[in-house]
Amino acid sequence: MTQPHEGVRSVLTQFGLEIGDVKWWKTVQHQGMPWIQVTEHEKCDVLFLWRDPDGNESCSDIATVLMDVNSVTDHHSPTPTYMSRFAGTDVWYWQAKLPSNWRGSYQFIPLTSVDMPQWNDVEDLRSQQRRWWMSIIPFAVPDSLNVWRGHVGHWGTRLSALHMPDAPRQSAWYARDTGSENEPAGLTTLTWDSLILNNRRQVWVYATGSNDLTAEEKAQRPLVLLLDGRFWAENMPIFSALDYETQQGHIPPAVYVLIDEINGQHRSVELPCNTEFWQAVLTELMPWLKEDFSFTDRAEKTVVAGQSFGGLAAMYAGYNWPDRFGCVL
């Protein structure tokens, strides 16, 4: 339990109300969080607030609240970044200085004293840290004061979005961010039974552009394979963004194939440089899709896109089968 420095206190008290009382929280809710103040040298002071549902320290078992900010929180540090409680209230706060062009996501992880890390000297510290992070991720919560629509991360928790005032425009995602996107009309969900891989998974196929394309035009459409497909189909649906960019003329009409990773275990086997996986994609999935969907066979118009293990898999595909996968993202 700490008292905030004067800069934070001035923000918390500017409503002219008692910090943490009902009217104060209503004003904060109306204002929306995080609180962003542009400073100097292309930096912003950003204040995060979290309300303890059990009240102040005399009522609540919450010992601390961990701040998990994408690309800011050091997951390898033995002393992670924690919020501070405003003594005698249900208010937890944390302030950071971020670049004015930054964009990312974050979540809060409330912890009791039982959940705090206990490092030992017997085991490798990195292994202990990873196991601890995995154990506390289920406690993560989004920012209920955030006005933007968040998304579900790879670990199944909901993340809140944070956009700094000078962040590059992301007009394509505006409909998603505000919850105003339409249902993807051109989406087809298939089940792929692979004989080579001896497993079953979902595959989402999405065609963008006008329905009035000729057969020849459809046959020339680029093909884009999106790895970790379930993330882009369900956790952070990409369809409205693709439609927007296509309608604006920034990208051509194309066929997008989102390949489900099934689960973490399959993902860790199939995506890191696995020849068998790509043989299945080449000899089973793509010929099967060609029976009902028209797209190009030209390597220079075929994209494989992925991140993390998916990025490694995309690079592996382009390196080993450049005659089919000519573009890697």
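The exercises below, each with a worked solution, concern a predicted model of one protein chain.

Residues are numbered from 1 along each chain as its sequence is written, and side-chain values use heavy atoms, with hydrogens and water left out. Because the model is predicted, local features need pLDDT of at least 70 and side-chain atom pairs count only at pLDDT 80 or more, whereas totals for chains, interfaces and linings use all residues.

**Exercise 1. Describe the overall build of the protein chain.**

Step 1. Begin with the secondary structure, in which helices (H or I, at least four residues) and strands (E, at least two) are DSSP runs numbered from the N terminus; the protein chain has 10 helices and 14 strands.

Step 2. Turn to the extent of the C-alpha trace, which spans about 70 × 50 × 35 Å along its principal axes.

Step 3. Ask how much is buried, a term that means under 20% relative accessible area, with exposed meaning over 50% and partly exposed in between (1.4 Å probe, protein chains only). Of the 329 residues, 46% count as buried.

Step 4. Consider contacts, defined as heavy atoms within 4.5 Å: among those between residues at least 6 apart in sequence, 74% join residues at least 24 apart.

**Exercise 2. Locate the largest pocket, and then place Ser105.**

Step 1. Fix the terms on a 1 Å grid over the protein atoms alone: a cavity is a set of points where a 1.4 Å probe fits but cannot get out, a pocket is an open set with protein on both sides within 12 Å along at least five of seven lines, and lining residues have an atom within 4 Å of a point. Grid points are joined across faces, edges and corners, and a volume is the space filled by probe spheres set on the points.

Step 2. The largest pocket has a volume of about 1500 Å³, and its lining comprises 46 residues, of which Asn70, Gly153, His154, Trp155 and Leu159 lie nearest its centre.

Step 3. Elements that give two or more residues to this lining include strand 3 (62-69), strand 6 (103-112), helix 3 (125-136) and strand 8 (158-163).

Step 4. Ser105 lies in strand 6 and counts as buried because its relative accessibility is 11%. Apart from residues up to four places away in sequence, Ser105 touches Asp68, Val69, Asn70, His151, Leu159 and Ser160.

**Exercise 3. Examine the backbone at Pro34, Ile262 and Cys273.**

Step 1. Recall the background: most residues other than glycine have a negative phi, and most peptide bonds are trans.

Step 2. The peptide bond that joins Met33 and Pro34 is cis, with omega about 0°, and Pro34 is found in the loop between helix 2 (22-31) and strand 1 (35-38).

Step 3. Ile262, in the loop between strand 12 (255-259) and helix 8, has a positive phi near 70°. Ile262 counts as partly exposed because its relative accessibility is 25%.

Step 4. Cys273 also has a positive phi, of about 55°, and its place is in the loop between helix 8 and helix 9 (275-290). With a relative accessible area of 38%, Cys273 is partly exposed.

**Exercise 4. Trace the surroundings of Leu223 and Thr302.**

Step 1. Leu223 lies in strand 11 (residues 223-226), whereas Thr302 is found in strand 13 (residues 302-305).

Step 2. Leu223 counts as buried because its relative accessibility is 1%, and Thr302 counts as buried because its value is 0%.

Step 3. Leaving aside residues up to four places away in sequence, the residues that Leu223 touches include Val255, Val257, Met286, Phe295 and Thr302. With neighbours within four places again set aside, Thr302 is in contact with Leu223, Thr296, Arg324, Phe325, Gly326 and Cys327.

**Exercise 5. Work out what covers helix 7, and identify the lining of the largest cavity.**

Step 1. The buried residues of helix 7 (residues 239-247) are Phe239, Ser240, Ala241, Leu242 and Thr246.

Step 2. Their cover includes helix 4, strand 9 (187-194), strand 10 (199-207), helix 6 and strand 12. Just after helix 7, Gly249 takes a positive phi of about 80°.

Step 3. The structure holds 2 cavities of 30 Å³ or more, and about 60 Å³ of space lies in the largest cavity. Residues that line the largest cavity include Arg201, Asp228, Glu261, Arg267 and Phe277.
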